[in-house]
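Here is a short briefing to read alongside the sequence and the 3D view. Take a moment to turn the structure around before you start on the points below.

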Amino acid sequence: MAASPTFDLGDLTRRMQSSIASFKHELGTLRTGRASPNLLDPIQVEAYGQSMHINQVATVSVPEPRLLSVQVWDRSMVGPVEKAIRESSLGLNPQTEGQVIRLRIPELTQDRRKDMVKVAHKYAEGARVAIRHIRRDGMDILKAKEKDHSMSEDENVRAADQVQKETDKHIVEIDQLLAQKEKEIMTV
């Protein structure tokens with residue numbers, strides 16, 4: 001007889017927190033009309049014969065609210081970094097001064113803001129689905145434990161209740177992060 005998987009609420013909570021962290025990262029890559037170093041995270045640069053993230057070849061900083069500054073470490077990488085930024089879907093026009101690339105963040109139109117909110121909602125729904133999958137995994141383990149009688153019915157009900165409370169708590173956190181990001185995007 002195969003042993004049933006062990007139930008660990010802490011592990012489920014860690015997995016849910018990991019989903020929230022991933023969601024926060026996705027929100028950070030959304031353009032809000034305000035400069036954020038996370039905006040350049042998805043950009044890949046062809047460097048030294050391989051594809052690297054921009055933060056592996058340069059330092060990204062925010063000297064002004066609507067300006068990003070990219071300090072490239074190696075002078076020979078300025079061209080490839082500039083090309084990668086220009087070819088990205090961000091619609092930014094880099095201005096190079098030596099080893100520093102400056103990126104002005106243009107104002108977003110109202111239509112573009114609404115599109116960004118839709119993307120944020122899509123990211124939020126993906127995060128909610130991930131949380132629900134983790135809950136389902138936990139509930140499946142509890143059902144298996146009850147079926148093979150390694151956990152009493154009362155313990156199972158208590159554990160299922162804890163899993164549901166964790167799930168609800170994390171879904172509320174996603175909704176709060178989404179509302180905050182939506183407000184940030186829609187603020188002119």
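A residue is called buried when its relative accessible area is under 20%, exposed when it is over 50%, and partly exposed in between. Keep that in mind as you explore this predicted model. We will visit a charged patch, then a nonpolar core, and then one pair of residues.

**The negative patch**
- Glu146, Glu153, Asp154 and Glu155 together form a negative patch on the surface.
- Helix α4, which spans residues 153–186, gives the most to this patch, with 3 residues.
- One of the patch members, Glu155, sits in helix α4.
- Glu155 counts as partly exposed because its relative accessibility is 39%, and partly exposed covers values between the 20% and 50% cut-offs.

**The nonpolar core**
- In soluble globular proteins, nonpolar side chains tend to be buried together.
- The largest nonpolar core here has 25 residues, and the ones touching the most other members are Phe7, Phe23, Leu27, Leu30, Leu142 and Ile174.
- Helices α1 (9–28), α3 (110–147) and α4 are the elements that each give two or more residues to this core.
- The biggest share comes from α3, with 9 residues.

**Lys24 and a distant partner in sequence**
- Lys24 is found in helix α1.
- Is Lys24 buried, partly exposed or exposed? With a relative accessibility of 43%, Lys24 counts as partly exposed.
- Lys24 and Ile174 are 150 residues apart in sequence, yet their C-alpha atoms are 8.8 Å apart in space.
- Ile174 is also one of the core residues that touch the most other members.

How values were computed: Residues numbered from 1 in each chain as written. Predicted model: local features only at pLDDT ≥ 70, side-chain atom pairs only at ≥ 80, totals over all residues. Heavy atoms only, no water. Patch = residues over 30% accessible without salt bridge, like charges linked within 9 Å, V, L, I, M, F, W, Y side chains within 5 Å. Areas by Shrake-Rupley, 256 points an atom, 1.4 Å probe, with all protein chains shown as cover. Salt bridge = Lys/Arg side-chain N within 4 Å of Asp/Glu carboxyl O. Lys, Arg positive; Asp, Glu negative; His and termini not counted. Charge placed at Lys NZ, Arg CZ, Asp CG, Glu CD. Helix = DSSP H or I, 4+ residues; strand = E, 2+ residues; numbered from the N terminus. Buried < 20%, exposed > 50% of the residue type's maximum accessible area, 1.4 Å probe, protein only. Core = buried A, V, L, I, M, F, W, Y, C linked by side-chain atoms within 4.5 Å.
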